[in-house]
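Visitor: I would like a close look at a single part of this model. Please take the surroundings of the ligand, then show what else the fold holds.

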Amino acid sequence: MSGNEIVTDVVVIGAGPVGLFAVFELGLLDLKCHVIDILDRPGGQCAELYPEKPIYDIPGFPVITGQGLTDNLMAQIAPFAPQFHFGRMVTRLEKRGDGSFRLTTDADEVFLAKVVVVAAGGGSFQPKRPPVDGIEAYEGTSVFYSVRRMDDFRDQDVVIVGGGDSALDWTLNLQPIARSLTLVHRRDVFRAAPDSVNKMKALVAEGKISLVIGQIGSLKGADGQLAAIEFTTDAGVMTVPATRLLPFFGLTMKLGPVADWGLELNDNLIAVDTEKFQSSVPGIFAIGDINSYPGKLKLILSGFHEAALMAQAAKKIVSPDEKVIFQYTTSSTKLQQKLGVA
Ligand SMILES: Cc1cc2nc3c(=O)[nH]c(=O)nc-3n(C[C@H](O)[C@H](O)[C@H](O)COP(=O)(O)OP(=O)(O)OC[C@H]3O[C@@H](n4cnc5c(N)ncnc54)[C@H](O)[C@@H]3O)c2cc1C
């Protein structure tokens, strides 16, 4: 085992509502999870596509927003202290000789797990590339679509483009360490949380960041090193110093690397049984929107049910000699102790 390998019972791929609830069901059975997601926050589609929309068909909640459900799930799984790895895509998944699995992320981390739960939803969210000539040449050196390490932005001239939560959150987080920070948005109306917008406007008023209302034009630099960016604004062309560019132009969903893991697929979804929600490879389960079986409904509540059954099967793989006794959270002191309420 090399130093940078993370060894765990279960790796959950995807921190959407179903991946989060899987942590709860696995936690009740004492299985420890690491959760990996491409996005920089939990919640999957609920948090990324409709955080403020009301959902009306979550059992027990007559109405709850996408973000509200995510926040509740995070509170519900907190007793199990899952370890999250955000801003990473699982690119490779291989079965090892001993039956366990080796997962590799696009940040070159390696996870070793006895069980893998693919809760990858509609597939991987991938950033939309802004329509700017030659931007590819700067990607990975000066242009980034997410923040992996804040230090990469320290003492840099940072330009952030966008008006949503990611753009505003990173404006507030990077301002203290950047040499200069410019936020650029095409109009003076922001989709981000009002509190973040107010904080951003206060920083502009204090002269700590610049706000430009305009559209990205061309990139100036050489050898992958960005130096400045031209923007078109109502007042004409404006040049802003820039050694780092973070465009937040939204996300598209693609199946992504899931297709390359040798799992039986059905219309680009992972074929599973309905007893355990196991894929064609024993030990790899698929739950939530990513799976396919007769009668499947792409609903959050279906994913929750699948998570409960999957966890029972996962337990038998991780602890084959342990007899699992079915228990209710209402009446089992053992389960309540795990939840920190008894
Ligand atoms: C506008 C809208 C309204 C909806 N309303 C309802 C509703 O009212 N009721 C309802 O039940 N359902 C609703 N849905 C559907 C619901 O959101 C989905 O069923 C649910 O999000 C599926 O959850 P999930 O955890 O399976 O996947 P997702 O929420 O899609 O999360 C999957 C996560 O996996 C991550 N991921 C994928 N591939 C990788 C990889 N290779 N490496 C790392 N991470 C990866 C993704 O980044 C993502 O965060 C709605 C959907 C939309 C778009």
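Which element gives the largest share of the shell around the ligand?

Guide: The largest share comes from α1, with three residues. First, the ground rules. This is a predicted model, so local features need pLDDT of at least 70 and side-chain atom pairs count only at pLDDT 80 or more, while totals for chains, interfaces and linings use all residues. Residues are numbered from 1 along each chain as its sequence is written, and side-chain values use heavy atoms, with hydrogens and water left out.

Now the shell. The ligand is surrounded by 33 residues, where a residue counts as near if one of its heavy atoms lies within 4 Å. D37, Q45, Y50, D289 and I300 are the closest. By type, the shell holds 18 nonpolar, 10 polar and five charged residues. Here Ala, Val, Leu, Ile, Met, Phe, Trp, Tyr, Cys and Pro are nonpolar, Asp, Glu, Lys and Arg are charged, and the others, Gly among them, are polar.

Take the polar contacts next, that is, pairs of N or O atoms within 3.5 Å. A polar side-chain atom of D37 sits 2.7 Å from a ligand oxygen. For Q45, a side-chain N or O atom is 2.8 Å from an oxygen of the ligand. V18 uses its backbone: a polar atom there is 3.1 Å from a ligand oxygen. On its own the ligand has 1,000 Å² of accessible area, and the protein covers 87% of that. The areas come from the Shrake-Rupley method with a 1.4 Å probe. Elements giving two or more residues to the shell are α1 (17-28), β2 (33-37), α2 (44-48) and β9 (124-127). Helices (H or I, at least four residues) and strands (E, at least two) are DSSP runs, numbered from the N terminus.

On to the sheets. Two strands pair if DSSP finds at least two bridges between them. One open sheet has six strands in the order β14-β13-β12-β11-β10-β15, with mixed pairing. β14 and β15 (244-247) are at the edges with a single partner strand each, so one side of each has no neighbour in the sheet. Neighbouring strands here are turned by 35° against each other on average, direction ignored.

Within that sheet, β13 (residues 225-233) and β14 (residues 236-241) run antiparallel, joined by six bridges. They form a hairpin with two residues between them. E230 stands opposite T239 of β14. β11 (residues 180-185) and β12 (residues 210-222) run parallel, with four bridges. There, V184 faces V212 of β12. Helix α4 (residues 165-174) lies across β10 (157-161), β11 and β15, at about 160° to β10. Axes are lines fitted to C-alpha atoms, for helices over the stretch in contact (heavy atoms within 4.5 Å), and angles run from 0 to 180 degrees between N-to-C directions.

Another open sheet has three strands, β17-β18-β20, again with mixed pairing. β18 (residues 269-271) and β20 pair in the parallel sense over two bridges. I270 has N291 of β20 as its bridge partner.

Conventions
Polar contact = N/O pair within 3.5 Å; in protein donor to acceptor, adjacent residues only side chain to side chain.
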